[in-house]
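Subject: Structure handover

Hello,

Please find the structure below, with the sequence alongside. My notes on what was found follow after it.

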Amino acid sequence: MIEFDDVTITYADQSAPVLAHVNLRIPEGELVLVVGRTGSGKSTLLSAVNGLVPHFTGGTLQGRVLVDGRDTAHHAPRDLADLVGVVPQDPMSGFVTDTVEDELAYGMECLGLAPDIMRRRVEETLDLLGLADIRQRPLRTLSGGQRQRVAIGAVLAAHPRILVLDEPTSALDPGAAEEVLAALQRLVHDLGVTVLMAEHRLERVVQYADQVIIVPGGGAPVIQGSPAEVMQHAPIAPPVVELGRLAGWDPMPLSVRDARRAAGSLRDLLVGQQPRLRVVTDSRVETVRTSRLGVRYGSHPALRGVDITIHDGEIVALMGRNGAGKSTLLNALVGVGPTRTGDVLIKDRDPAALGDAELIDTVGLVPQEPADLLEATSVAEECRIADRDARCEPGTTRALLALMAPEILDGTHPRDLSEGQRLLLVLCLILAARPPLLLLDEPTRGLDYPTKTRLARVLADLAAAGHAIALATHDVELVAEIADRVIILAEGEVVADGSTSDVVMSSPMFAPQVAKILSPQEWLTVGQVEHALARLPEPEVGAG
Amino acid sequence: MGEARWLHPGAWWIWALGMAAAASRTTNPLLLIALIAVAALVVHARRPDAPWGRSFRFFLQLGLIVIVVRMAVQVLLVSSVGTTTILDLPGITLPEWLAGIRIGGDVRLESLLMGFYDGLRLATILICIGAANSLASPTRLLKSVPAGLYELGVSIVVALTFTPQLVADVERLKTARRLRGRRTTGPRAIAAAAIPVLEGALERSVTLAAAMDSRGYGRRGPESARRRRGTTGLLLLGLVAACIGTYGLVSAGSPALMGLPLLVLGLGSAVGAVVWSGRSQVRTRYRPDPWSLPEWLVSAAGVTVAGIFTVAAWSGMSGMVASFDPPTWPSLPLAALIGVAIAATAAVTAPPLPRSMRMQRELVEVGA
């Protein structure tokens with residue numbers, strides 16, 4: 001269905017090719033997963049399938065890309081639209097119309113389908129993706145999962161035979177992600193659609209894939225193979241595979257179900273062992289307390305009667321569906337957004353009443369788009385500005401950055417940093433003023449595993465240094481790794497507030513893979529299991 | 001009136017352009033303020049809860065700036081009318097070889113009024129356009145634009161999403177500035193936000209254009225390349241002819257043939273080109289917005305107000321031109337008032353929006 005024939009892609013302003021000598025054959029009706037680090041050329045590979053590279057992006061493409069026999073060199077993306085449907089990373093950025101129904105029809109209008117066929121297909125698509133209830137709704141008002149499903153539906157209604165998706169679940173809560181993946185699987189199984197999908201969250205998708213393509217980046221050769229085979233040695237792997245490697249399982253299980261079958265002996269080994277917990281400073285000094293906090297957007301209440309407390313040195317994860325009020329809560333904690341009711345006190349001060357300069361001494365927020373905070377043309381300049389804003393010793397921010405991300409150079413333009421590096425830079429800018437409370441909104445969206453590991457380490461260090469940290473996230477694996485406490489929000493109310501293991505163990509939605517595999521034992525991460533196994537031979541020695 | 005649905009965006013534009021045309025025919029401040037009030041009333045009643053629906057306020061502010069700038073220019077540069085001095089500023093007259101322009105000098109009431117009336121007229125025209133912007137869904141309007149012009153179509157969609165997104169971006173960056181402990185108001189804050197905002201908007205525009213292309217926007221039938229060149233050529237020629245024709249029409253002393261006939265010929269061939277290239281398009285419409293009674297009523301209201309004002313101005317009806325020398329309180333011509341009232345009926349004759357698109361928060365945005 002899709003053939004890459006010795007393809008080399010070089011962008012106009014770069015000397016080295018993004019992809020070099022790529023040879024791929026993707027047969028019809030397969031679900032193919034494309035993995036690789038941020039900036040490795042995954043998106044380029046995907047965009048080459050419908051000719052957006054090089055028709056839209058510029059640059060040169062050597063070799064040949066054949067899609068169902070059509071050469072992308074001679075066919076513009078619009079001429080491949082009946083064959084290839086592309087769902088962009090941020091669905092909102094690709095929406096052309098205002099409402100769900102119009103958006104579903106748009107592609108078909110462009111292809112010139114007859115009105116009666118369009119009517120029928122819109123109805124079919126609404127049913128297939130479960131969008132019938134929201135057909136009249138303006139796209140803007142949809143939740144992340146709904147938007148993603150609309151974006152898929154909008155492409156699907158035109159009946160393309162190939163579907164290309166760039167990180168379809170990265171912005172979604174676990175429930176919405178499963179919805180989207182279930183819809184995709186149905187397409188592959190029932191309609192024989194070929195799906196090509198890039199995704200960082202392997203734990204969510206690898207079990208569904210028929211094939212995995214690894215794009216190592218830097219022009220290194222692309223690897224294609226069956227998931228089990230590729231996952232044995234892949235540099236990036238979901239927890240289930242890491243656990244499998246640790247336990248030496250063969251064949252490598254890819255789903256929780258397969259892993260549970262293989263895990264009997266591991267569970268026996270671990271009987272009587274206790275997971276090691278992160279040492280939490282026991283100060284119990286309150287950093288922030290809210291009481292009866294409420295926020296409304298127009299007539300829609302986004303938060304209702306929220307009472308939470310966070311202590312110094314604690315890492316708290318805010319979880320919940322898209323639109324449950326996580327971001328609104330973080331915004332209210334820094335005193336931005338619509339007027340609130342109730343009280344917020346950070347170290348006995350109300351953030352909304354603080355002056356601009358005082359605010360950053362009290363609380364720092366890394367927003368969902370960290371790049372919003374960047375304004376200078378070089379990293380060094382950015383750090384200088386942060387020093388000045390925070391009224392601290394010149395060089396403080398730069399030193400902090402050197403500690404967190406030593407590889408970032410002074411002269412680099414912030415835009416040229418990778419997503420993870422940019423996040424760390426913004427984190428440093430915020431930390432310059434040493435706010436006792438640090439907030440992060442969806443910090444791991446679009447981050448690959450190595451970057452995530454690094455972020456987790458940085459956050460743990462900051463908590464150890466006494467910062468209280470709250471992060472809103474959908475990433476259950478990250479939460480299992482670093483959070484001391486989890487607060488779950490639903491419809492603007494707190495529905496659960498307790499220690500990480502208590503809250504996530506009891507929830508099928510928020511439990512990490514390791515917990516699912518080893519339940520009823522209470523393990524959360526591969527690290528805990530590894531640590532416990534290492535102590536096994538001499539149980540009496542080396543308790544630290 | 002009638003069931004809840006979207007009014008055809010073309011009807012809103014006809015109505016708003018009619019209002020703007022009416023405004024351009026008068027300098028009577030009372031009539032102009034009445035037109036602004038009608039625009040505000042209709043926007044308030046029928047604008048959707050969407051990014052572009054909120055843009056009206058910005059047009060009001062823009063109108064205010066236009067008035068102030070126009071008055072300042074009048075007073076500081078061309079202060080030559082009237083006798084009632086209300087403020088004595090030092091002034092210099094530039095030498096003869098610099099056209100003898102006067103800078104500064106006496107501020108006279110008549111001159112101020114003249115600037116105000118003229119500025120108000122310009123502001124009203126802008127606000128009427130702003131009303132259309134806020135009432136008519138740009139994406140729905142695009143559905144009605146002939147699809148024959150691929151590049152034009154893409155640029156229109158991109159441009160239309162540009163402004164509302166820009167406004168949203170400014171808000172986001174204001175938040176971002178607060179997070180870094182900066183002032184969020186004042187000229188420096190705005191200047192600092194300008195570049196990232198423009199960058200973001202440009203990036204999004206490119207993404208949107210790519211998405212439209214990926215979904216097949218602008219696909220053509222087979223024998224298109226030659227035809228496309230033909231239509232593009234015809235369109236260009238037509239537009240050039242229309243431009244020359246317009247020039248011939250408005251400038252005295254050009255040959256009669258250069259006026260109206262050339263304009264008609266030019267416009268004709270441009271329209272022909274669009275229609276012809278539209279034929280090779282494969283595009284179809286999904287549930288197009290109907291053009292029925294409400295559309296007729298709304299656009300008729302706009303055309304009527306334009307017609308009444310034009311005739312009134314042409315026949316020299318008193319009160320259409322406000323007198324500033326001597327400054328007198330303007331009278332209100334009844335016929336024009338009736339026209340304004342007819343324009344206001346759009347607030348009622350247009351069908352209400354679907355419930356999900358109605359404005360949630362009732363913001364009071366009246367007054368310029």
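To start with one spot in the chain, Pro251(A) sits in the loop between helix H10 (239-247) and helix H11 (256-262) of chain A. Please keep in mind that this is a predicted model. The peptide bond between Asp250(A) and Pro251(A) is cis, with omega at about 0°. Another cis peptide bond links Ser519(A) to Pro520(A), and its omega is about 10°. Pro520(A) belongs to the loop between helix H21 (513-518) and helix H22 (526-535) of chain A.

Two further backbone details are found in the loop that runs between strand E15 (340-346) and helix H14 (356-362) of chain A, where Lys347(A) is placed. Phi of Lys347(A) is positive, near 50°, and the residue is not a glycine. Asp348(A) lies in the loop between E15 and H14 of chain A as well. Its phi is also positive for a residue other than glycine, near 65°. Are these two residues buried, partly exposed or exposed? Lys347(A) has 18 C-beta neighbours inside 10 Å, so it counts as partly exposed. Asp348(A) has 7 other C-beta atoms within 10 Å and is therefore exposed.

Chain A as a whole

Chain A contains 22 helices and 20 strands. Its C-alpha atoms fill a box of roughly 65 × 60 × 50 Å along the principal axes. What radius of gyration does chain A have, and what would a compact globule of 544 residues have? The value for chain A is 24 Å, and this agrees with the compact globule, which would be near 24 Å. Of the 544 residues in chain A, 52% are buried. Among contacts in chain A with a separation of 6 or more, 69% are between residues 24 or more positions apart.

Domains of chain A

The domain assignment splits chain A into domain 1 (2-237), domain 2 (238-271 + 516-544) and domain 3 (286-511). Domain 2 is thus written as two segments. Between the C-alpha centres of domain 1 and domain 3 of chain A the distance is 31 Å. Where these two domains of chain A meet, 17 residues of domain 1 are in contact with 17 residues of domain 3. On the domain 1 side, helix H6 (144-156) and helix H7 (174-191) of chain A each supply at least two residues. H7(A) gives the most to that side, with three residues. By class, the domain 1 side has five nonpolar, eight polar and four charged residues.

A sheet in chain A

One open sheet of chain A has four strands in the order E2-E1-E4-E5, and the pairing is antiparallel. Which strands are at the edges of this sheet? They are strand E2 (19-26) and strand E5 (70-71) of chain A, each of which pairs on one side only. Strand E4 (residues 60-67) of chain A pairs with E5(A) in the antiparallel sense over two bridges. Arg70(A), in E5(A), is the bridge partner of Val67(A).

Nonpolar cores

The largest nonpolar core has 190 residues. The members that touch the most other members are Val34(A), Val49(A), Val164(A), Leu196(A), Leu318(A), Leu439(A) and Val504(A). Helix H17 (residues 419-431) of chain A provides the largest share of this core, nine residues. Leaving out residues up to four places away in sequence, Val49(A) touches Ile2(A), Val65(A), Val67(A), Val84(A), Ile162(A), Val164(A) and Leu196(A). Among these is Val67(A), the bridge partner of Arg70(A). A second, separate core has 62 residues, including Ala16(B), Ala22(B), Ala23(B) and Ala301(B).

Contact between the chains

How many residues of chain B are in contact with chain A? There are 40 of them, and they contact 47 residues of chain A. The elements that give two or more residues to this side of chain B are helix H6 (150-179) and helix H7 (187-214) of chain B. H7(B) gives the most, with 10 residues. The residues of chain B that touch chain A divide into 16 nonpolar, 12 polar and 12 charged.

Regards

Note on methods: Residues are numbered from 1 along each chain as its sequence is written. Chains are lettered from A and ligands numbered from 1 in the order in which they are written. This is a predicted model: local features need pLDDT of at least 70, side-chain atom pairs count only at pLDDT 80 or more; totals for chains, interfaces and linings use all residues. Two residues are in contact if their C-beta atoms, placed from the backbone, lie within 7 Å. Ala, Val, Leu, Ile, Met, Phe, Trp, Tyr, Cys and Pro count as nonpolar, Asp, Glu, Lys and Arg as charged, and the others, Gly among them, as polar. The radius of gyration is taken over C-alpha atoms; the globule rule is 2.2 Å times the number of residues to the power 0.38. A residue is buried if 20 or more other C-beta atoms lie within 10 Å of its own, exposed if 12 or fewer, and partly exposed in between; C-beta atoms are placed from the backbone. Domain bounds come from an automatic or database domain assignment. Two strands pair if DSSP finds at least two bridges between them. A nonpolar core is a set of buried Ala, Val, Leu, Ile, Met, Phe, Trp, Tyr and Cys residues joined through C-beta atoms within 7 Å.
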